[in-house]
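Student: Please take one loop of this model and examine it closely. I would like to know how its backbone behaves, what its side chains contact, and how it compares with what is found elsewhere in the chain.

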Amino acid sequence: MRPSDPWGRLKVLKNRHNGSYTWQVIAGSATLGLVVAAGAVLAAGPWDNGQRKAERALAVTADRTGGAHHGRPTPDGPRPAPSAPAVLPALGTTTHDAPRDAAALRDTLAPLIGAPELGDKVAASVIDTATGKQLYGTGATAPMTPASTIKIATTAAALSVLGPDHRIATTAALSPDARTLTLVGGGDPTLSKAALRSMAADAAKALREDGEDGEDGEDPAGSVRLTYDTSRYTGPVLHPISPNENIAPVTALMVNEGRLNDTDRGPAKRTDDPAGDAARAFAAQLKKAGVKVTGTPREARPADGARTVATHHSAPLAALVERTLTNSDNDIAEALARQTAIAKGESADFAGARRAVTNELKKLGVPVTGAHLVDGSGLDRAGRVTPALLTALLARAADPDRPGLRPVLTGLPIAGFSGTLDDRYRDGSDGTGLIRAKTGTLSRVNSLAGTVVDPRGRLLAFAFLASGSRSATEAEPALDALATALARPVAE
């Protein structure tokens, strides 16, 4: 017998009649196997790409099965991770119990859905993603103002049309006479100064190559006029709520979402001329690269016959979607809506984006009756969706046959850990780490839509939309209580 160890080396049992030696080898192999298995478990979870995976049972249980107390935390220090069950089953396995009883769930949620903190109108939908069966619903087909939960629809449509690997290109085109360079916006709101620096270096190299073929004594890098092109997007650049620190003018060319500080999320003062600022920043980088830029950058399309001399590609669409959902990024959301419109042959404006996203949702087979998608970000109060639409989209994203939609789930903020849920589900909440959900907040409008693995191991999708609340500080804990109830065992 020649058993192999986990590293592929062969061990020979020299004395097959030596029972003691054989027992030692077997015991050693078993121990090594346990170590390797434990290492595999630790490597696999419960974290995935910096985000915690959904767990089957409550993180905090009466019978502690893991974790340790490391003393009283300091105010600025990290909070201790909750204990979790010793074994966390994988989603999609056949070991799941039967779906939970809908009547029992209704009895649990009924008093919570009526919390006065939620305002005068609340609509909800809870479904089992594996079966599509609605476990709980009240006003599930009632159109409501979604606020930022509309980003679930925006990102799902973009992924469905473009695919998770799609990247948005920003280019620089040089005229045939090498006298005019045009910075062409592709619609990437995350374009950075570092990207412009790299593009400037590539453009300077191309200009030097052209200059080397010119007359003796010429500056190899030469001089150029700089123009910039924003024609990829059409229609009004201002969102209906603009000017506003939550969103920049929607143009096909901007740097760092038009922010006037170094932040990459949350409200910030925005420039009123994102494209012009981007062009001027590019001109500065060209000068550093040895290119003389004459005059002031002006808006114009590339000359006929212009060739591309520099290109920058955005992060993959999957990463942009995750950033959109985790940080509730309005600028990226509006960009994704327009990218969807362009791909579907619609005008790249608010109206075209609305048509494109709505038509793609129809193709995904989700209920769009009553939906009115006026923007991609949810900042416009005129937008309407139903809770049933949101839960259906989350179920599509969880479908094993639709892996391209998975970033809709992986981008959802994690309760108590990331994004817009980072500061919620505190003080030992049963939902901490177990709930992934997109938040939504406007004046007197609050919403929460996402997923949770219930105590039976079933992945549930939920959407709670409320209007008429007095304040977000009162409504948000009430919404969190609804989602947390889905993670708790229900007496049946």
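Tutor: Helices and strands are here DSSP runs, numbered from the N terminus, with at least four residues for a helix (H or I) and at least two for a strand (E). The model is a predicted one. The part chosen is the loop between β7 and α5, where Glu 257 lies.

The backbone comes first. Most residues other than glycine have a negative phi, and most peptide bonds are trans. Against that background, the peptide bond from Ser 242 to Pro 243 is cis, with omega near -5 degrees. Pro 243 belongs to the loop between β7 and α5. Asn 256 is placed in the loop between β7 and α5 as well, and has a positive phi of about 50 degrees although it is not a glycine. Glu 257 likewise departs from the general pattern, with a positive phi of about 60 degrees and no glycine identity to account for it.

The two residues with positive phi can also be described by their accessibility. Asn 256 has a relative accessible area of 21% and is therefore partly exposed. Glu 257 is at 0% relative accessibility and so counts as buried, the cut-off for that class being under 20%.

Which side chain does Glu 257 meet in a salt bridge? The partner is Arg 323, at 3.7 Å from N to O. Arg 323 lies in helix α6 (residues 317-327) and Glu 257 in the loop between β7 (223-229) and α5 (274-288), so this pair ties together parts that are 66 residues apart in sequence. Side chains of opposite charge can pair when their charged atoms come close. At 25% relative accessibility, Arg 323 counts as partly exposed, whereas Glu 257 counts as buried.

The count of salt bridges comes to 17, and two others may be set beside this one. Arg 280 and Asp 273 form a salt bridge through their side chains, at 3.2 Å from N to O. Arg 280 is partly exposed at 39% relative accessibility, and Asp 273 is partly exposed with a relative accessible area of 29%. Glu 476 and Arg 424 also meet in a salt bridge, at 3.8 Å from N to O. Here Glu 476 lies in helix α11 (residues 472-487) and Arg 424 in the loop between α10 (407-410) and β10 (435-442), so the pair ties together parts that are 52 residues apart in sequence. Arg 424 is at 8% relative accessibility and therefore counts as buried. To return to Glu 257, salt bridges with shared partners join Glu 257, Arg 259, Arg 323 and Asp 329 into one network.

Some features elsewhere in the chain complete the comparison. Lys 121, Arg 381, Arg 384 and Arg 444 gather on the surface in a patch of positive charge. Of these, Lys 121 lies in strand β3 (residues 121-128) and counts as partly exposed, at 41% relative accessibility. Leu 389, in helix α9 (residues 387-398), counts as buried at 0% relative accessibility. The C-alpha atoms of Leu 389 and Ala 153 are 8.5 Å apart in space, although the two are 236 residues apart in sequence. The structure also holds one aromatic pair. The ring centres of Phe 462 and Phe 464 are 5.4 Å apart and the planes are at 25 degrees, so the pair is stacked; both Phe 462 and Phe 464 are buried.

Terms used: Residues numbered from 1 in each chain as written. Predicted model: local features only at pLDDT ≥ 70, side-chain atom pairs only at ≥ 80, totals over all residues. Heavy atoms only, no water. Patch = residues over 30% accessible without salt bridge, like charges linked within 9 Å, V, L, I, M, F, W, Y side chains within 5 Å. Areas by Shrake-Rupley, 256 points an atom, 1.4 Å probe, with all protein chains shown as cover. Salt bridge = Lys/Arg side-chain N within 4 Å of Asp/Glu carboxyl O. Lys, Arg positive; Asp, Glu negative; His and termini not counted. Charge placed at Lys NZ, Arg CZ, Asp CG, Glu CD. Buried < 20%, exposed > 50% of the residue type's maximum accessible area, 1.4 Å probe, protein only. Phe/Tyr/Trp six-rings, centres within 6.5 Å; stacked < 30°, edge-to-face > 60°.
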